[in-house]
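Please look at the structure below with its sequence beside it, and keep both in view while reading the report that follows.

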Amino acid sequence: RAIVARNPDYLFLCGTTAQLGPLVPALAAAGYNGLYGLSDGFFSQDTITQYGPQLQNAIVFSDLPPLDRIPSIFQQLSDLRREVTPVSALVAYGYAAAQVIIQASQRTSALTRYALAQGLQLQGGFTTLVGPYSFDSFGDPLVPNLYFFKISGTEFNYTQPAIRNGFIV
């Protein structure tokens with residue numbers, strides 16, 4: 001009630017469906033009818049199943065791109081799905097991490113951890129299952145991206161990336 005008393009037009013829930021999902025019906029019961037923004041912790045079928053009707057048109061911000069809309073990874077994704085089903089964010093990013101290490105070691109012929117770390121910093125970009133990456137001197141990705149998904153009916157519909165880079169069709 002305290003939140004609704006402030007008359008917000010938009011609420012952003014940071015957390016997971018299990019933690020903050022119960023706020024959605026409580027806010028509706030208190031009279032909130034504005035829009036929602038949701039963190040990646042809400043990007044699950046549980047959100048749709050439990051709160052789908054109340055979260056219509058909510059936008060989920062995720063770091064996982066819509067893999068089925070990336071033509072350049074079709075074969076890699078097919079091979080991965082043959083081995084691991086379903087391809088979760090953990091699986092996709094684990095695979096991408098291995099791709100970065102493999103590409104860096106191939107480019108530099110690195111034989112030590114130090115040489116590989118230098119290769120990650122100096123070798124430019126790496127193309128992975130989840131997008132293009134390059135790293136700064138601390139190992140952090142340069143220009144990380146977010147992807148927006150709108151809750152519509154009983155599904156998440158991809159809308160756009162935060163930064164358009166031609167990776168997704």
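## Aromatic rings

At 18% relative accessibility, Phe135 counts as buried, where buried means under 20% relative accessible area, exposed means over 50%, and partly exposed lies in between, with a 1.4 Å probe and protein chains only. The model is predicted, so local features need pLDDT of at least 70 and side-chain atom pairs count only at pLDDT 80 or more, while totals for chains, interfaces and linings use all residues. Residues are numbered from 1 along each chain as its sequence is written, and side-chain values use heavy atoms, with hydrogens and water left out.

A pair of aromatic rings is described by the distance of the centres and the angle of the planes. Rings of Phe, Tyr and Trp (its six-membered ring) pair if their centres lie within 6.5 Å; planes under 30 degrees apart count as stacked, over 60 as edge-to-face, and the rest as tilted. The structure holds eight aromatic pairs. One of them is formed by Phe61 and Phe148, which meet edge-to-face at 4.9 Å centre to centre with 75 degrees between the planes. This pair links distant parts of the chain, with Phe61 in strand β3 and Phe148 in strand β6, 87 residues apart. Phe61 is partly exposed, with a relative accessible area of 23%, whereas Phe148 is buried, with a relative accessible area of 16%. Tyr133 and Phe135 form a stacked pair, 6.3 Å centre to centre and with 15 degrees between the planes. In addition, Phe43, Phe149, Phe156 and Tyr158 form one aromatic cluster.

## Strands and their partners

Helices (H or I, at least four residues) and strands (E, at least two) are DSSP runs, numbered from the N terminus, and two strands pair if DSSP finds at least two bridges between them. Strand β1 (residues 10–13) and strand β2 (residues 35–38) are parallel partners over four bridges, and Leu13 stands opposite Leu38 in β2. β2 also pairs with β3 in the parallel sense, over two bridges, and here Gly37 stands opposite Ile59 in β3. On the way from β2 to β3 the chain passes through α4, and this β-α-β crossover is right-handed, a word used if, with the strands pointing away from the viewer, the path from the first strand over the helix to the second runs clockwise.

β3 has an antiparallel pairing with β6 over four bridges, in which Lys150 in β6 is the bridge partner of Ile59. β6 in turn pairs with strand β7 (residues 155–161) in the antiparallel sense over six bridges, and Gln160 in β7 is the bridge partner of Phe148.

## Helix α6

Helix α6 (residues 89–108) has 20 residues and reaches 28 Å from its first C-alpha to its last, close to the 28 Å expected at 1.5 Å a residue, where the expected span is 1.5 Å times one less than the number of residues. Which residues of α6 are buried? They are Ala92, Ala96, Gln99, Val100, Gln103 and Ala104. Seen down the axis of α6, these buried residues fall within an arc of 125 degrees, so they line one face of the helix; the arc is that of the directions from the helix axis to the C-beta atoms. On the other side of α6, Leu90 and Gln106 are exposed.

The buried residues of α6 pack against α5 (74–83), α7 (113–122) and β4 (126–128). Gln99, with a relative accessible area of 12%, is in contact with Gln76, Thr128 and Leu129 when its neighbours within four places in sequence are left aside, contact meaning heavy atoms within 4.5 Å. Thr127 lies in strand β4 and is exposed, with a relative accessible area of 52%. Leaving aside its neighbours within four places in sequence, Thr127 is in contact with Gln103 and Pro132.

## Backbone details

Most residues other than glycine have a negative phi, and most peptide bonds are trans. The table lists two residues with a positive phi that are not glycines.

| Residue | Phi | Location | Relative accessibility |
|---|---|---|---|
| Asn57 | about 70 degrees | loop between α4 (45–51) and β3 (59–62) | 40%, partly exposed |
| Val143 | about 50 degrees | loop between β5 (131–133) and β6 (147–152) | 59%, exposed |

α6 is followed by Ser109, whose phi is also positive, near 55 degrees. The peptide bond from Thr85 to Pro86 is cis, with omega near -5 degrees, and Pro86 lies in the loop between α5 and α6.
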